[in-house]
Amino acid sequence: MSTPLLFPEYAERMAALARHGDVEGLADETMAYTARYTGDWGAESRHVTDALGLVAAERKPELLMAILDRCCLVTGAEQRDVTNELLKILIKPYSKIRGPESAEVALAFAARHTAYFGGGELRRMAELLLDAGRPLPPEVVAVMRRTVAHGYWGSADALKPLLARLDAPALNPGEAWADRALADVAALDPDQARRWHELFRHAATATSARPSRKWEATARELLGGLAEPGDRLRSWLALVGQPRTLRLNRTQWEHDVNEAFDQFNTTPLRGLVWVLSFLPEHPETARLLGALVETSLRKVAGLGPRNPKIANAAVHALSRIPTEEALAQIARLAARVTFKGTLKELNAALDARAAALGLTRDEVEELAVPAYGLTNVGVRVERFGDASATLDATSGTVTVTWRNGAGKVVKSVPASVRSAHPEELADFKAAVKDVEKMLSAQAERLDRQLLAQRVWPFDAWRARYLDHPLVGTLARRLIWLVDDVPCAFADGALRTHEDKEIVSGETVRLWHPIGREVAEVLAWRGWLETNRITQPFKQAHREVYLLTAAEEKTRVYSNRYAAHVLRQHQFHALAAARGWRNKLRMMVDDAYEPATRELPQWGLRAEFWIEGIGDEWQEDTTESGAYLRIATDQVRFYPIDAPEHYAHAGGGGYEQWVSQEAQPTEPLPLTEIPPLVLSEILRDVDLFVGVASVGNDPTWQDGGPGGRFREYWASYSFGELSGTAQTRREMLERLVPRLAIAERARVDGRFLVVRGDLRTYRIHLGSGNILMSPNDQYLCIVPKQTAGSSTGDVFLPFEGDRVLAVILSKAFMLAKDTQITDPTITGQLRR
């Protein structure tokens with residue numbers, strides 16, 4: 001019996017396209033087939049390979065490359081595996097190296113990969129071309145270099161002698177910055193071009209973590225003969241991280257190669273980053289280097305940070321530039337970067353600058369914040385001839401208002417500004433972005449001060465915080481303790497919630513609700529709402545976590561957030577943002593430390609015990625083998641210098657690894673942990689669970705893979721409220737009566753109940769998931785990433801609670817359920 005063909009409807013179309021020589025159409029149809037087909041290339045798919053075989057022999061290399069071009073765009077793992085197996089079939093006739101023609105096809109194919117197995121094979125094909133008098137294309141040289149850098153067995157020995165004979169540029173093509181550099185240099189006069197290539201070759205020797213004196217001296221000597229080196233370098237480095245100009249094909253087990261940096265180019269790129277710091281100071285240099293750090297640390301699927309080596313080089317370059325702009329970038333990055341190696345470099349740079357200035361690290365961070373041209377707190381007016389732009393950051397959101405020559409507000413940049421002041425306009429737009437980035441970094445730094453409990457002298461605090469042109473926009477929306485008297489800024493002065501003005505004092509620190517009287521906390525919440533002040537993070541509404549009876553019973557650990565199922569990668573990102581140290585659990589035979597937050601000012605270390613879940617490759621892991629989900633367990637505290645705990649990635653219990661002579665360090669009783677520390681650590685863990693739990697996913701009502709998490713999903717989606725959700729309920733109890741839908745909405749226990757015209761809906765205040773009448777039928781609404789934009793003019797006294805925005809957005813929509821047009825929702829309402 002013959003094997004039945006899968007999806008035979010493709011056969012006739014593909015055969016017709018092949019006979020007509022429509023290579024592009026045939027490639028498109030082939031990719032459409034691979035998007036549905038998941039098997040091996042055998043009898044059941046012979047109609048596809050037969051149709052491809054109908055293409056004229058001279059057009060087959062073109063077809064191969066057309067399919068390869070499309071394969072480089074595939075994102076799904078299954079389709080990528082299928083297309084790569086097909087490519088192996090199509091390239092096979094050209095890999096036998098019969099002559100330069102087949103070698104040319106095979107090399108063009110190889111050049112579209114990160115690296116290529118078999119250095120000897122690459123060398124033989126290359127030599128066939130060279131012996132025939134044909135040059136090696138630059139992209140072929142590039143894949144040979146990457147193959148050597150990749151370290152495949154035997155590849156280096158096979159390819160290095162050939163590469164040494166080639167007079168090839170020191171940069172690989174295929175990346176926007178390298179392509180621009182090579183093109184710009186090619187357009188120069190021969191002498192300047194030669195000098196630039198000498199600098200590129202020298203940059204390619206930047207193999208150490210820091211430039212040596214000899215390396216720097218040579219670089220400075222090479223720079224001496226170049227015209228406008230700073231402008232050119234800045235223009236090239238600004239393109240680092242942009243999409244590849246020559247996309248590569250991602251093979252099995254590889255990371256997302258088109259988002260990663262070219263392996264060969266990273267060394268000369270590091271050298272050029274160093275070189276930039278040897279040049280005269282320029283206002284754009286620090287901004288560019290700061291952006292390069294962030295670009296280099298952007299996560300790539302299956303790889304992690306793109307290239308910490310380049311990020312660290314940019315930090316080193318910033319540390320060598322003695323300007324306020326460079327120090328500001330270092331301070332901003334130190335507040336935002338979570339990658340441990342680069343954060344260490346940033347901290348070292350700040351510590352070195354502090355020592356040089358005779359200041360503390362905290363003082364340097366405060367003094368490093370520039371004004372960005374703001375003349376009043378949060379306001380900058382920039383004139384462009386008769387037109388003007390007003391930057392306003394006083395409310396927490398940076399806005400720009402443009403006025404034309406007549407003083408009339410206009411929606412966009414006036415044409416006169418674009419034509420007559422292009423450079424000033426570019427500088428102003430860059431400053432707006434700088435303000436946005438720095439405000440975010442300073443908000444995070446101030447949030448951390450709640451746990452640090454730093455104390456400032458009043459006059460220094462007023463200058464560095466309350467009246468600082470940029471930081472003042474945050475400080476004036478927070479509550480402070482001046483000589484232990486709580487106050488905040490309103491109507492041009494510091495005031496208590498009873499409107500008593502505070503003029504001066506001795507010491508200042510941030511107010512925290514823990515340990516304060518309930519009446520005081522409620523008074524400040526009301527004060528914020530009355531004055532319509534939105535705090536940059538939760539302070540007056542901050543959750544407080546006190547020791548429970550259950551925790552007094554367990555004594556040395558908290559089970560408050562145990563037995564939850566979290567999305568591992570989301571948890572990992574949140575943990576890093578909150579200052580926790582964590583490693584992604586892989587489905588491998590390895591041991592891992594718990595998620596850990598060190599608290600040096602308290603001499604403590606907090607641990608959150610977690611483990612990977614699942615045993616099915618790719619169903620329970622990413623392509624690279626990282627668990628998709630983790631299970632949570634205990635929270636514990638230890639002295640900061642206690643031995644670390646380790647447990648297998650998939651569970652089995654944590655234990656301290658100590659020498660035979662040493663005794664394990666016992667966990668500290670929770671009653672000995674300062675209430676502020678306990679509260680802030682448990683608040684972090686509540687955040688991890690509240691954001692990363694699979695119970696938040698409205699599409700998981702079936703329980704996820706195999707229904708394994710159905711019971712957990714149901715219990716979390718509509719269960720008891722966490723501390724964060726309880727704060728959300730308290731906020732909604734005050735907010736709902738003032739909403740436009742007040743007559744249709746009310747808070748009832750764990751739910752916001754909304755009455756529509758078709759149904760009544762109960763929105764859970766923890767997960768945001770919805771039950772509707774009758775019979776608590778589940779309603780699946782997947783929120784958009786911009787949830788909260790349809791909540792109307794709703795004032796919220798704090799930033800950062802996305803779930804609250806989602807709940808309000810759903811409530812406004814469901815109150816007018818007859819106006820919903822989304823078929824994915826209306827179909828559920830009619831059931």
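Student: Contact means heavy atoms within 4.5 Å, so which helices do the buried residues of helix 10 (residues 176-186) pack against?

Tutor: They pack against helix 11 (190-203), helix 13 (229-237) and helix 14, where helices are DSSP runs of H or I with at least four residues, strands are E runs of at least two, and both are numbered from the N terminus. This is a predicted model, in which local features need pLDDT of at least 70 and side-chain atom pairs 80 or more, while totals for chains, interfaces and linings use all residues. Residues are numbered from 1 along each chain, and side-chain values use heavy atoms, without hydrogens or water.

Student: And which residues of helix 10 are buried?

Tutor: The buried residues of helix 10 are Ala176, Trp177, Ala178, Ala181, Leu182 and Val185, with buried taken as under 20% relative accessible area (1.4 Å probe, protein chains only).

Student: Helix 14 came up there; at what angle does it pack with helix 16?

Tutor: The angle between helix 14 (266-276) and helix 16 is about 10 degrees, and their axes are 9 Å apart; axes are lines fitted to C-alpha atoms, for helices over the stretch in contact, and angles run from 0 to 180 degrees between N-to-C directions. Helix 14 and helix 16 are therefore roughly parallel, a label that covers angles under 35 degrees. On the helix 14 side the contact is made by Thr266, Thr267, Leu269, Arg270, Val273 and Trp274, and helix 16 brings Lys309, Ile310, Ala313, Ala314, His316 and Ala317.

Student: What else do the buried residues of helix 16 pack against?

Tutor: Besides helix 14, they pack against helix 15 (283-296), helix 17 (324-336) and helix 18 (340-357). The stretch from Ile310 to Leu318 supplies the buried residues of helix 16, among them Asn312, Val315 and His316.

Student: Going back to the start of the chain, how do helix 1 and helix 3 pack?

Tutor: Helix 1 (residues 9-19) and helix 3 (residues 46-53) pack at about 10 degrees with their axes 8 Å apart, and they are therefore roughly parallel to each other. Ala11, Met14, Ala15 and Ala18 of helix 1 meet His47, Val48, Ala51 and Leu52 of helix 3.

Student: Switching to strands, what order do they take in the sheet?

Tutor: The open sheet has 6 strands in the order 7-12-8-9-10-11, with antiparallel pairing; two strands pair if DSSP finds at least two bridges between them. Strand 7 and strand 11 (501-502) are at the edges with a single partner strand each, so one side of each has no neighbour in the sheet.

Student: What holds strand 12 in place in that order, in terms of bridges?

Tutor: Strand 12 is joined by 2 bridges to strand 7 (residues 456-457) and by 3 bridges to strand 8 (residues 480-482). Within strand 12 (residues 507-510), Val508 and Leu510 make up the covered face, whereas Thr507 and Arg509 make up the uncovered one. Val508 is the bridge partner of Trp456, and Leu510 is that of Trp480.

Student: Is strand 9 mostly covered or uncovered?

Tutor: Strand 9 is mostly covered, with 5 of its 6 residues buried. Its Cys487 is a bridge partner of Trp480, and its Phe489 stands opposite Leu494 in strand 10. Leu494 also stands opposite Ile502 in strand 11.

Student: Which residue in the turn between strand 9 and strand 10 has a positive phi?

Tutor: Asp491 does, at about 50 degrees, in a hairpin with 2 residues between the strands. Helix 24 (residues 518-530) lies across strand 9 and strand 10, at about 0 degrees to strand 9.

Notes
Buried < 20%, exposed > 50% of the residue type's maximum accessible area, 1.4 Å probe, protein only. Contact = heavy atoms within 4.5 Å. Parallel < 35°, antiparallel > 145°, perpendicular 65-115°, else oblique.
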